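Colleague: I'd like to learn how to read a few features of a protein model. Could you walk me through them?

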Amino acid sequence: MRDSGPIGVFDSGIGGLTIARKIRELMPCEDILYVADSGHAPYGDRPDRYILERSFAVTDFLLSRQVKAVVVACNTATTTCISELRAKYPVPFIGVEPGVKPAVLNSKSGVVGILATTKTLVTDSFTELAKRVSDGIRVEVMPCPELVVQIESLKLSYEETAGLVGKYVHPLLARGADTIVLGCTHYAHLAPVIAQVAGPDVSIISTELAVANEVCRRLESQGLTATNSTTGGEEFWSSGELALFQAQVQHFWGPSSLVRQF
């Protein structure tokens, strides 16, 4: 591995762009290679084998582009198969998991709500995480099968999404949740709407900054941080419909961003 290689980041779609953005803020000299596996999304309702095979395919591509580390910027892929990825490939892998621990520390009502994909909520790793850190706090889960499609369609305004967000958030509030965890990287794109629907007395926990900090720590500990002082660049790749991905990346990253077919 070379310190001059890019940081690879992948997700089933555009959710991981929130993490890539934080990596860019913390590590301005690093090159970033982002892959959205949109042609095979969403992962949230797929079998384990399918998610594993897609994660292998994307990682093979990233390694062919000489990445020095891979960020699995998808809660479903992380909870389903990051152990297999670490066993198969020689580069560092940094995953994401729902921020249950900070939510538990934050909650005063004793009830924490988790918004996530159906798949994430039934994995052994999520169940073990919730049990390990809940410490007397009740964890209420809410699968949100429609939110990813809404976000991928760039329907992000309050007017477009408040009704759908309320469908998932209001039952958690009725159960006493005063802290809500965004357990899918996509949901960070709707964090302002979720906060508005939940109200000012409810805390929203997202993990993209914590993940970016871990990427920084891991690269530093392994001597893989970029040694140049120039601003890093970005590449954006998608296995899905390229015109839509172009619109998505330009919306979240900027009008000059170029995208390619994976």
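Modeller: Sure, let's start with residue classes: Ala, Val, Leu, Ile, Met, Phe, Trp, Tyr, Cys and Pro count as nonpolar, Asp, Glu, Lys and Arg as charged, and the others, Gly among them, as polar. This is a predicted model, where local features need pLDDT of at least 70, side-chain atom pairs count only at pLDDT 80 or more, and totals for chains, interfaces and linings use all residues. Residues are numbered from 1 along each chain as its sequence is written, and side-chain values use heavy atoms, with hydrogens and water left out.

Colleague: How many cavities of 30 Å³ or more are there?

Modeller: Rolling a probe the size of a water molecule over the atoms shows where empty space is left. On a 1 Å grid over the protein atoms alone, a cavity is a set of points where a 1.4 Å probe fits but cannot get out, and lining residues have an atom within 4 Å of a point. Points are joined across faces, edges and corners, and a volume is the space filled by probe spheres set on them. Here the count is two. The largest cavity holds about 80 Å³, and the second largest about 60 Å³.

Colleague: Which residues line the second largest cavity?

Modeller: Thr18, Glu97, Pro98, Cys184 and Glu208 are among them. By class, that lining has four nonpolar, five polar and two charged residues. The largest cavity has 15 lining residues, with Ser12, Cys74, Thr76, Thr117 and Cys184 nearest its centre. Its lining splits into five nonpolar, nine polar and one charged.

Colleague: How many disulfides does the structure hold?

Modeller: A disulfide is a pair of cysteine sulfur atoms within 2.5 Å, and this structure holds zero. For Cys74, the nearest cysteine sulfur is that of Cys184, 6.6 Å away. For Cys144, the nearest is also that of Cys184, at 8.6 Å.

Colleague: Is Cys144 buried or exposed?

Modeller: Buried means under 20% relative accessible area, exposed over 50%, partly exposed in between (1.4 Å probe, protein chains only). Cys144 is buried, at 2%. Cys74 counts as buried too, at 5%.

Colleague: In what order do the strands of the open sheet run?

Modeller: Strands are DSSP runs (E, at least two residues), numbered from the N terminus, and two of them pair if DSSP finds at least two bridges between them. Four strands form this open sheet, in the order 6-5-7-8, with parallel pairing. Strand 6 (138-143) and strand 8 (203-205) each have a single partner strand, so one side of each is left without a neighbour in the sheet. Strand 5 (residues 111-116) pairs with strand 6 over six bridges.

Note on methods: On a 1 Å grid over the protein atoms alone, a cavity is a set of points where a 1.4 Å probe fits but cannot get out, and a pocket is an open set with protein on both sides within 12 Å along at least five of seven lines; lining residues have an atom within 4 Å of a point.
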